[in-house]
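Subject: Structure handover

Hello,

Here is the structure for you to look through. My notes on it follow below.

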Amino acid sequence: MTATKNSVFSRKNIQTFLPVIGLVIVIVLFAFTTGGKLFSAYNLSSIIAQSVCLTIVSTGAVFTYALGSLDLSIGPTMGLCALIAALITNNNGSILLAFLAALGITISFSFINSVVSYALHLDRILTTLFLSFTAGGLQLMISSSVGGTIYAMADWSLFKSTSFQFIVMAVVVLLGIFLFNFTTIGKYGRAMGSNRVCAGQSGINIIKYQIIIYIILAICTAIGSLFLVSRAGSISWSTGSGFHMDVMIALILGGMPMRGGVNSRIISAPIGSFTYTILSNGLTLSGVNMSIVGMCKALVFIVVIILTCRNKGRVIPR
Amino acid sequence: MNEDIILEVKNLVKSFEETKALKGVDLTIRSGEIHGLVGENGSGKSTATSIIAGMQQADSGEMIYLGKPWNPQTMLQAQNLGVSMILQEANTIPGATVAENLFVGEESLFATCGFMNKKKMNRQADRLLDELSLSRFHSSDLIDSYTFEDRKLIEIVRVLKKKTRVLIVDETTTALSHNGREFLYDLIRKKAGEGNAVIIISHDLDEIMNICNVLTVLRDGEIVADLSREEMEPKKIRQYMVGRDIGDKYFRTDFEPTAQEEVTLSLEQISFDGRAPFDVILHKGEIVGIGGLSDSGMHRVGKVAFGIEKNSGKVHRKDQEIKNTNQAVKSGIAYISKDRDREAIILDGNIKENILLPVLANIKKSLFVSPAKERKIVKEEVDFLSIKCSSPMQKVANLSGGNKQKVSFARWIARDSEVFIMDCPTRGVDIGVKQTMYQLMEDMKKEGKSILMISEELTELIGMCDRMLIMKECELKKEFLRNADLKESDIIEYMI
């Protein structure tokens, strides 16, 4: 009985555009406070370098978040992959070999996330927690056995080139948009996140699609870990830890519903990642004291939450 | 002022964005009344009662309760002052015990210095349940361990234990079995007999005829008729509701059981909880009904046929054994769940997403799904079933019950399924939509589809089925063939 006309200002549209508006506000704000330095060629390339890893991984993470569960293992898994990649390339292995090794790790982890949680009826957050400890533990074990911090000595210049970073990022995001919006992978994933029972009764092979979706995240994580090595230059036992929180924050800023489901939007990943990166970058560039950058981020974060995640109106009884 | 009058509603207006749900409704509720409120989905009956019960506020209008202006802000406030409402969908708190559910909002009754005395609460709950001869419930059990129907009964008890002067029952009986209904009817009659008033919203005209002594008919947010007991007549009521003569065509008008030779679905040696096994065979172009009380096991038969519930018996479709839901869907079986909002549709999804969900597998090319094809299919279904919506992008949660049910039908029609398992297909659906559904089923039969119709309403089983299987205590008790002389009374004795 409520024929909601889809006017531009309907609540739904505002919810969809709010993250974009947020990004624009952040850009405009820092354009002023930095006196235009935000757009300097040097800074633009450093924004790309800072956001490439986050954008790629959160694009993959949108798929698993749409399934309705948070992932606590992304950070340690990336750290472990980066460590292995650095070790392989330092020992004269190619970057391709390093990538394959990273992919091996992330894909086997993704199987545990999808298959084990399904078979044992575990909440996926529990398996990701388990994997988080496992990956973190392995990372510590390996790094201490080779003497602590590892310096990436091989030639990573390709991964440091802004145009390469931009191209990879664009390809991943475009592929993500395609898979999420125009294929059964994204459509089923969202449906499963909203109502698993209904998805199952619609004939969707739940476990199959869950596996595919976790593999997408696995691939993105593996790619991301290479950019992490090239950017960090040195890998220790703690590299990557907390990265899953960055992903989560980026997705929230990008308007991703935390419970996943049909209202998930793939565009949350690039929008949120850029908002988050520019926020950090802009604060530093504006000369904000490093000691209060954290509090500034907290402030922005809470404002975004209040605007986007509030109770979406009451359900009308009938 | 008349002393009999408990509640008076004058010129109530309420809009949701552009939609006018109520256009000036007047309602007078008197002591001792069992006041029926009928109308198609979207006619405004739930909106009106939810305003009376404090769930939402009117845009304008006046309400007078016991001689004083009435404008409750919350359901709790209304309840404490004697206006209570039982809702259509389950409204119990999962993860809480029976007692906690019964006394929600009144915990302070059992608290000393901020500490809950659970024992005291449980004792009082048990006493309350015993008084209503519901001793089979235990106050300390988790509410989740009870069936949908039992949870509904707990909800009824919760509402009734208060000093209620006006009780509103919103489409509750569709969730209840025969016994549950009788229980509720007794309570309603008792309530009214004590000088209170009861407002009943229902789509079931038999029920309205049986229990109400006054009836108000709503259409498109306006009152079209106030009928006294003597004026109540099903055909007339239907006409008022729909606003046109819907004719006598309701159920099938042929009285011969017909079906083609080909077997489309067979359930062999199905057995529940070690009871006597039985077969259910479905032919091309046949409507087979399963009737019984809600706990007779008939709903489980549907689940077994669709591969949701495992069974020692076998399910076959065209030489293929169906072992899970996936295979069932692939082989052309459709399932319309009784628990629509939880199983058949994604509430926060839009109409398009919901209709397409089972269809995507048919139209995808490797993984890619063409948006143009999607739009075409959705448009076809929305038109074919005349789903009332502003656009296919409208959220399903905002649709009326009948339109939600149409969406859950559309999903499978779009998929070209051959065998339809319908569990209570007309539950909570109004007459206009019911008529459409019955016509649809008849057309499907003519097209050679097979339908397994599981229903708690004997009238629709008699009206639609070629064959009817009656179940009791998880066993098959009796089979009836389509017959013009078949009466409900002939069947009921095999059910209870």
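Which residues line the second largest cavity? They are Asp71(A), Ser73(A), Ile74(A), Thr77(A), Thr106(A), Phe109(A), Ser110(A), Asn113(A), Tyr214(A), Leu217(A), Ala218(A) and Thr221(A).

Some ground rules come next. This is a predicted model, in which local features need pLDDT of at least 70, side-chain atom pairs count only at pLDDT 80 or more, and totals for chains, interfaces and linings use all residues. Residues are numbered from 1 along each chain as its sequence is written, chains are lettered from A and ligands numbered from 1 in the order in which they are written, and side-chain values use heavy atoms, with hydrogens and water left out.

The model scores ipTM 0.87 and pTM 0.78. For chain B, the mean pLDDT (the predictor's confidence in each residue, from 0 to 100) is 88. In that chain, 97% of residues reach 70 or more.

**Cavities**

A cavity is a set of points on a 1 Å grid over the protein atoms alone where a 1.4 Å probe fits but cannot get out. Lining residues have an atom within 4 Å of a point. Points are joined across faces, edges and corners, and a volume is the space filled by probe spheres set on them.

The whole structure holds 5 cavities of 30 Å³ or more. The largest has a volume of about 160 Å³. It has 17 lining residues, and Thr174(B), Arg181(B), Thr426(B), Arg427(B) and Glu457(B) lie nearest its centre. That lining splits into 3 nonpolar, 6 polar and 8 charged residues. (Ala, Val, Leu, Ile, Met, Phe, Trp, Tyr, Cys and Pro count as nonpolar; Asp, Glu, Lys and Arg as charged; the others, Gly among them, as polar.)

Back to the second largest cavity: its space is about 100 Å³. Its lining has 5 nonpolar, 6 polar and 1 charged. In chain A, α3 (74-90), α4 (95-119) and α10 (206-232) each supply at least two of these residues. (Helices are DSSP runs of H or I, at least four residues; strands are runs of E, at least two; both are numbered from the N terminus.)

**A pocket**

A pocket is an open set of points with protein on both sides within 12 Å along at least five of seven lines. The second largest one has a volume of about 900 Å³. Of its 33 lining residues, Thr147(B), Phe148(B), Glu149(B), Ser294(B) and Lys338(B) are the closest to its centre. α5(B) gives the most to the lining, with 5 residues. By type, the lining holds 10 nonpolar, 10 polar and 13 charged.

**Burial**

α9(B) is mostly covered, with 6 of its 8 residues buried (under 20% relative accessible area, 1.4 Å probe, protein chains only; exposed is over 50%, partly exposed in between). Among them are Met298(B) and His299(B). Just after α9(B), Gly307(B) takes a positive phi of about 80°.

**Two unusual angles**

Most residues other than glycine have a negative phi. Asn11(B) has a positive phi, near 50°. It sits in strand β1 (residues 5-16) of chain B. Asn11(B) counts as partly exposed, because its relative accessibility is 47%.

Glu473(B) also has a positive phi, near 45°. Its place is the loop between β21 (467-472) and β22 (475-481) of chain B. At 44% relative accessibility, Glu473(B) is partly exposed too.

Best wishes
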